[in-house]
Amino acid sequence: MSNKSIKFIVFLGAISIVGILSAQIYWILKSYDLQEKQFQHSVQVALIRVAKNIEEYNNSSLPTKNLISRRASNYYVVNINDVIDANILEFYLQKELEAAALNIDFEYGIYDCANDKMVYGNYIGYDNKAKEKPTTELPKYDEFTYYFGVRFPTVTAELISNMRLVIFFTIILLFATSFFVYALSVILRQKRLSEMQKDFINNMTHE
C-alpha cells in the first residue's frame, strides 16, 4: 500500500472519529437538556398544585403573578402570600411530587418574615439512607413576604441515571473508536517496519 493511500485512510479515519464523537456528544447533551426541561415542567406543575392545596387549606388567595420562581437549576421558590404550616406543606409536597412521579430527594424551607430568614424544614429522601441537614441555610429573597423554597440536591445524578442507555452505547462507541485507532496505529507501525526491512535488504544487496 502506498504512502499516499495510507495518509488518505488516516485522514478519513480521523474525520470519521471526530464526526462520530461530535454527534454522540451532541445527542448526550440534547438528551440531558430534554430530561432537564421535562423535570422542570413536572416540578412546576406539582408546586402549583401544592400552592393551590395550601390556598384551599388556608382559605386564602394566591398571588396573580410570580407564583413559581426557579432561582437555580435545582431550587424553586413558591410565593404563597399567606402563613405556611410546615407539616401541611411537607404533606402536600410529598403528595404532589409523588403524584407527578418525582420520587426524588428534596428539602424545603419556609421564609420567616418576622426574623427575616429561611427556616429549614426537612430533608425527604427516597433511597432509605440517612441524610444530614445542610450546613448552610436555603437562600432567601426580599421580594416576597410569605413563601417557601424547595431544593432538589440530587437532581443532576437522577437525570444522568435516566440516561443510562445512552451512556452505555456511548461507552461501546468509545471502545469501538479506540479499537479503530489501535488498528490504525498497528497498520502504520507495520508499514514502517516493512519499509525499514525493504531498505535493509536493498542496502545488503547493494553491498
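Here are four short exercises on this predicted model, each with a worked solution.

Residues are numbered from 1 along each chain as its sequence is written, and side-chain values use heavy atoms, with hydrogens and water left out. Local features need pLDDT of at least 70 and side-chain atom pairs count only at pLDDT 80 or more, while totals for chains, interfaces and linings use all residues.

**Exercise 1. The overall plan**

Find out how many helices and strands the protein chain has, and in what order the elements run.

Step 1. Helices (H or I, at least four residues) and strands (E, at least two) are DSSP runs, numbered from the N terminus.
Step 2. The protein chain has 4 helices and 5 strands.
Step 3. Starting at the N terminus, the order is α-β-β-α-β-β-β-α-α.
Step 4. Of the 207 residues, 31% count as buried; here buried means under 20% relative accessible area, exposed over 50%, and partly exposed in between (1.4 Å probe, protein chains only).

**Exercise 2. Salt bridges**

Work out which parts of the chain the salt bridges join, given that the structure holds 3 of them.

Step 1. Side chains of opposite charge can pair when their charged atoms come close. The cut-off used is a side-chain nitrogen of Lys or Arg within 4 Å of a carboxyl oxygen of Asp or Glu.
Step 2. Start inside one element: aspartate 33 and lysine 37 meet at 3.4 Å, N to O. Both lie in helix 1, 4 residues apart, about one turn of the helix.
Step 3. Next, arginine 70 pairs with glutamate 36, with the closest N and O atoms 3.6 Å apart. Arginine 70 is in strand 1 (residues 68–72) and glutamate 36 in helix 1, so this bridge ties together parts 34 residues apart in sequence. Glutamate 36 is buried at 19% relative accessible area, whereas arginine 70 is partly exposed at 35%.
Step 4. Finally, arginine 151 bridges to glutamate 107 at 3.4 Å between the closest N and O atoms. This pair links strand 5 (residues 147–151) with strand 3 (residues 106–112), 44 residues apart. Both partners are buried.

**Exercise 3. Aromatic rings**

Say why the pair of phenylalanine 39 and phenylalanine 152 is edge-to-face, and which parts it ties together.

Step 1. Rings of Phe, Tyr and Trp (its six-membered ring) pair if their centres lie within 6.5 Å; planes under 30 degrees apart count as stacked, over 60 as edge-to-face and the rest as tilted.
Step 2. A search of the whole structure gives 7 aromatic pairs. One of them joins tyrosine 26 and tryptophan 27, edge-to-face at 5.3 Å centre to centre and 70 degrees between the planes.
Step 3. For phenylalanine 39 and phenylalanine 152 the centres are 5.4 Å apart and the planes stand at 85 degrees, so the pair is edge-to-face.
Step 4. Phenylalanine 39 lies in helix 1 and phenylalanine 152 in the loop between strand 5 and helix 3 (155–161), so parts 113 residues apart in sequence are tied together. Both residues are buried.
Step 5. Widen the view: Phe39, Tyr76, Phe106 and Phe152 form one aromatic cluster.

**Exercise 4. Charges over rings**

Identify the ring under the charged end of arginine 71, and the ring under arginine 151.

Step 1. A charge sits over a ring if NZ of Lys or CZ of Arg is within 6 Å of the ring centre and within 35 degrees of the ring normal.
Step 2. Arginine 71 has its charged end over tyrosine 141, 4.2 Å from the ring centre.
Step 3. Arginine 151 lies over the face of tyrosine 75, at 5.5 Å from the ring centre.
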